[in-house]
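Student: I have just opened this model and would like to learn how to read its sheets. Could you walk me through it?

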Amino acid sequence: MTRPSGLAIYAFSYLAFLYLPVLFLPLFSFNDGTIVAFPIKGWTLEWYRQLGGQETLIQALVNSLGVGLTAALVSTSMGLFAARAYVRYRFRGSEASEGLVMLPLVIPGIIVASSMLVLFISIGIKPSLTAVILGHTFLALPFSVSIMKSAFDDFDPSLEEAAFDLGSGVIETFRRVTLPIVSPGIIASLLVTFTVSFDEFVLAFFLSGNQPTLPVYIWSQIRFPAKLPNTLALGSLLLLASVALLVVAEYFRRRSSKSTI
Amino acid sequence: MTEKNIIQLQGIEKHFGSFTAVSELNLDLREGEFFSLLGPSGCGKTTALRMIAGFQELSAGKVIIDGQDMDGIPANRRPTNMVFQSYAIFPHLNVGNNVAYGLRNRGISKSEIDTRVSEALEMVELGGLQSRGATELSGGQRQRVALARALVMRPKVLLLDEPLSALDKKLREQMQFEMRHLQQELGITFVMVTHDQFEAMTMSDRIGVMFDGKLVQVDAPPTLYAKPCNREVASFIGEMNFLPATVAAETDNHLTISTPCFGTMEIERNPNVGQTGREIEIGIRPEQLEISAHKPDNYDGIVLGKIRDVAFYGENVHYHVQVDGVERSISASVPNYFHTVDYHPGDSVWLGVQGASIIELGQNQSKT
């Protein structure tokens, strides 16, 4: 081993700067005390145990899961068809429409959130989980489109032609050939879009009304110092779940680009 | 092969915007023949094949398969099946399910599907490989699976789009014969698209040569080689020396011509060449030329020249001979009987040619 170079030290401190704060979350969630400060008073699982009994929390979790699942399903199915069209066909306005689909990635969330609130109220959709689902679908669409595009990029168009040539109709071809071949991409897209929705705060805060999602619930709890350790425990669990989901999603995304021959 | 026409292409055309991919193509394919569409890339041969398959709509004309007009009949209901250039093996299915794919669309009983799949796999020498994964196959095996998957459907016509271009040379040559044997055993009409003249000549009963969207000549391989209909076909298939010539006299079957280097001689008319003027072009295959250090006897035309280049090909040697009165050197090939290269650049040699070996190519179109 040679002495660590300047570049290695830089890279290391960069990573530490990024991830050290995140590590404090699980660390203090096991702290046997309500004040978040060193030294650690002792180790406990009490904060995790208490989570089980909080009904509003459970309700927020159910809300989030419902919103996440619906937004993931809707945005992935939209992304599937959009991506196939972008990859397979040249049509007028294809680049413009792709640019529009990707736009949510760069518009500030607060702008999207406030404009959606105004829009939804003016067309009669009250702040509710439905409104959050619509907003999250919009936010998740660029993710599903880009994941599905990479799935279709390696998809040989003559596979669909071969199925058609062998007697399948259009729907049969889609079900027996297209869908199975891009299914790793679909799974990856479902997982990523679910995560996008599950973690999202700003839109949910504006649009959820009196049905908070989990991030909105956490924000509301942070104001009470006594509840802080609970929030830390909850946050740690969410962190774990998010990382796990993204790892699985990445696994499927890579499999989808390898599956074609 | 029967006299029945299994496919009739009647003036089919395909335009993409202002670009004409296929223009007014008329062709009758006989039942049970191995037919190749041969031409350089971009000549429209694949488009023509895809119009037969039903993947490409016609801009004009008619495709008739087994007496039935295919207008409005989509690919999935045509009595044709296709082997794709990429083979298009379904990556998520194993070999058995790939081959069974089309049969499952037809409501055939499971036991019959199994029987037909294993027969088809036996036929392409992949017997017993049903459970092999599609991604575990070699290039040659994928080609065989693609063949089995199409043939198991018992199509009236099998369409093959550059079926051997993805294989290496040795395997390609082996598959040429296997596919030819398969076609003859089954008696199914094969229509193959290829840019490889050797492939087309080895496998086909007849070849259709296409340039720039037009079908230029349709003939059996030996005729195509001996009596090409124009300079383009002559230079695309095999090697050819081109020379200008002037017609001095003509009869129904023969022309008396004077050439810049071989003097005056009598040659056969080429029935595939259209109308002739006085200034014509002739072609001589390199292997039809005698090359000798001594003045040869018994040749209709002889000329003295100088070796410019020697190309050693292994099975034969090509000598490029510079001759007075001809701008480009004339290429003569000699089989490598004795593992020797007899002449070297700078050597003086005689070239001899028989009038019967000279191919009339019609009116001289070249600008030189």
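**Reading the sheets and the contact**

Tutor: Gladly, and keep in mind that this is a predicted model. Let us start with one pair of residues: K306(B) stands opposite Q322(B) in β17(B).

Student: Which strands of chain B pair over seven bridges, and in what sense?

Tutor: They are β16, residues 301-312, and β17, residues 316-323, and their pairing is antiparallel.

Student: What is the strand order in the open sheet of five strands?

Tutor: Read across the sheet, the order in chain B is β15-β19-β16-β17-β18, with antiparallel pairing. Because β15 (290-292) and β18 (330-335) of chain B each have a single partner strand, they stand at the edges, and one side of each has no neighbour in the sheet. From one strand to the next, the twist averages 45°.

Student: How is the open sheet of six strands in chain B ordered?

Tutor: Its order is β6-β7-β8-β3-β9-β10, and here the pairing is mixed. The edges belong to β6 (80-83) and β10 (214-219) of chain B; each has a single partner strand, so one side is left without a neighbour in the sheet. Ignoring direction, neighbouring strands are turned by 20° against each other on average.

Student: How many bridges join β3 to β8 in chain B?

Tutor: Five, linking β3 (residues 34-38) to β8 (residues 189-194), and these two run parallel. Among the partners, F34(B) is matched with F190(B) in β8(B).

Student: And how many residues does each chain bring to the contact?

Tutor: Chain B gives 20 residues and chain A gives 17. On the chain B side touching chain A, 12 are nonpolar, seven polar and one charged.

Terms used: Residues are numbered from 1 along each chain as its sequence is written. Chains are lettered from A and ligands numbered from 1 in the order in which they are written. This is a predicted model: local features need pLDDT of at least 70, side-chain atom pairs count only at pLDDT 80 or more; totals for chains, interfaces and linings use all residues. Two strands pair if DSSP finds at least two bridges between them. Helices (H or I, at least four residues) and strands (E, at least two) are DSSP runs, numbered from the N terminus. Axes are lines fitted to C-alpha atoms, for helices over the stretch in contact, and angles run from 0 to 180 degrees between N-to-C directions. Two residues are in contact if their C-beta atoms, placed from the backbone, lie within 7 Å. Ala, Val, Leu, Ile, Met, Phe, Trp, Tyr, Cys and Pro count as nonpolar, Asp, Glu, Lys and Arg as charged, and the others, Gly among them, as polar.
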